[in-house]
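Biologist: Please take a close look at one part of this model, the open sheet and what lies across it, and then carry on to the helix packing.

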Amino acid sequence: MFYRTIGASRLLGAAVAATVSLSAMASVEAAEWRGWNIHKPGYPNTVAMDKFADLVKEKTGGRITVKMFHSGVLGSQPDAIEQVRIGGLEIGNFNLGPIGPIAPEANVVSLPFIFKDMGHMHRALDGKAGEEISAGMAKKGLIALAWYDSGARSFYNSKKPIMTPADVTGMKVRVMNNDLYSGMIASLGGNPSPMAFSEVYQSLKTGVVDGAENNWPSYESTGHFEVAGYYSLSQHLIIPECVCVNAKVYDGLSAADQKAVKDAARESAVLQRALWEKRAKSSREKVLASGVKFNEIPDKSAFQAAMKPVYDKYLAENPSLKPLVELIQNTK
Ligand code: BDP
């Protein structure tokens with residue numbers, strides 16, 4: 001009896017030890033990343049980030065899995081960027097707008113009207129400017145694995161069509177957290193109001209702000225069009241987005257797994273860009289059908305001229321980035 005008990009507990013001990021060492025091995029071998037995304041189900045970025053997660057699992061043979069948290073449930077974008085930098089989260093789909101205050105090279109894309117159109121932005125990002133921007137972000141702990149599209153941002157508000165800078169005078173306009181955007185609104189004579197994305201709908205509805213600015217898909221998916229029914233095609237910002245991973249996590253991967261996650265991100269970006277194009281059209285059609293009053297701004301030169309102080313301030317604070325600004329401006 002006595003011996004049998006000893007024997008049984010020894011056996012049990014051995015089994016426990018084996019289980020512990022197996023799971024210890026498993027946790028060394030398989031990593032679960034937590035991924036942040038601000039958008040709702042069905043949005044191009046959401047679909048593409050889910051695809052990214054599937055591809056990572058497939059290409060790493062399950063050594064890395066990505067658990068995506070959509071709809072901004074893990075917090076605001078500036079907080080999530082900080083979390084990915086310090087390793088509280090591993091990965092996210094971020095707009096370069098709120099990355100700008102952290103990485104001055106990345107802030108170049110937030111200079112209003114720096115890109116003429118989406119094609120210009122793609123060519124710049126795919127070339128030397130993109131490399132410099134990535135390098136600046138890497139220095140701050142963020143590795144950009146791939147670039148997503150985010151269209152062009154235009155002004156919308158609950159009061160009136162915007163045709164000239166004078167129409168913005170006195171308007172309270174929500175912006176993302178970035179001094180360049182506050183400077184942009186102030187230079188047009190408006191009152192900038194930096195605010196989290198999740199708070200904009202209520203603020204428009206209750207009149208805390210008169211307007212905001214965004215692309216067609218976000219204007220539509222958030223319901224902002226229901227409470228701010230004038231959309232004026234200023235297209236003042238064309239801001240790319242990244243799939244960004246924590247630098248230490250990325251650096252700790254084998255070369256094969258680095259390639260796998262990079263390939264996964266790039267494949268997801270191909271999907272995102274295709275879905276983006278379709279969604280930009282369908283969102284526009286949807287809001288116009290619902291009665292949104294839309295106007296083009298045939299002559300944007302007064303808006304562009306008003307941005308001089310924004311460029312001057314950026315270059316005064318970052319004199320070494322003048323060549324990067326010029327590189328983008330001169331990209332054909
Ligand atoms: C959307 C971006 C998202 C931003 C949002 C905003 O995709 O990352 O958080 O605009 O205005 O277009 O905050």
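Modeller: Two residues are taken to be in contact if their C-beta atoms, placed from the backbone, lie within 7 Å. The model is a predicted one, and with that contact rule in mind, helix α3, which spans residues 77-86, lies across β1 (31-36), β3 (91-95), β4 and β10, running at about 135° to β3. These strands belong to an open sheet of five strands, whose order is β2-β1-β3-β10-β4 and whose pairing is mixed. The edges of the sheet are formed by β2 (64-69) and β4 (142-148), each of which pairs on one side only, while neighbouring strands are turned by 25° against each other on average, with direction ignored. At the β4 edge, the pairing with strand β10 (residues 241-246) is antiparallel and extends over six bridges; within β10, C242 is the bridge partner of W147.

Turning to the helix packing, two packed helices are described by the angle between their axes and the distance between the axes. For helix α2 (residues 44-59) and helix α11 (residues 255-289), the axes come within 8 Å and cross at roughly 155°. Because angles over 145 degrees count as roughly antiparallel, α2 and α11 are therefore roughly antiparallel to each other. The crossing in which α2 passes α11 is right-handed, and the residues of the contact between α2 and α11 divide into 15 nonpolar, three polar and five charged.

Technical notes: Residues numbered from 1 in each chain as written. Predicted model: local features only at pLDDT ≥ 70, side-chain atom pairs only at ≥ 80, totals over all residues. Axes fitted to C-alpha atoms, helices over the stretch in contact; angles between N-to-C directions. Helix = DSSP H or I, 4+ residues; strand = E, 2+ residues; numbered from the N terminus. Parallel < 35°, antiparallel > 145°, perpendicular 65-115°, else oblique. Left-handed = near helix turned anticlockwise from the far one by under 90°. Nonpolar A, V, L, I, M, F, W, Y, C, P; charged D, E, K, R; others polar. Pairing = 2+ DSSP bridges.
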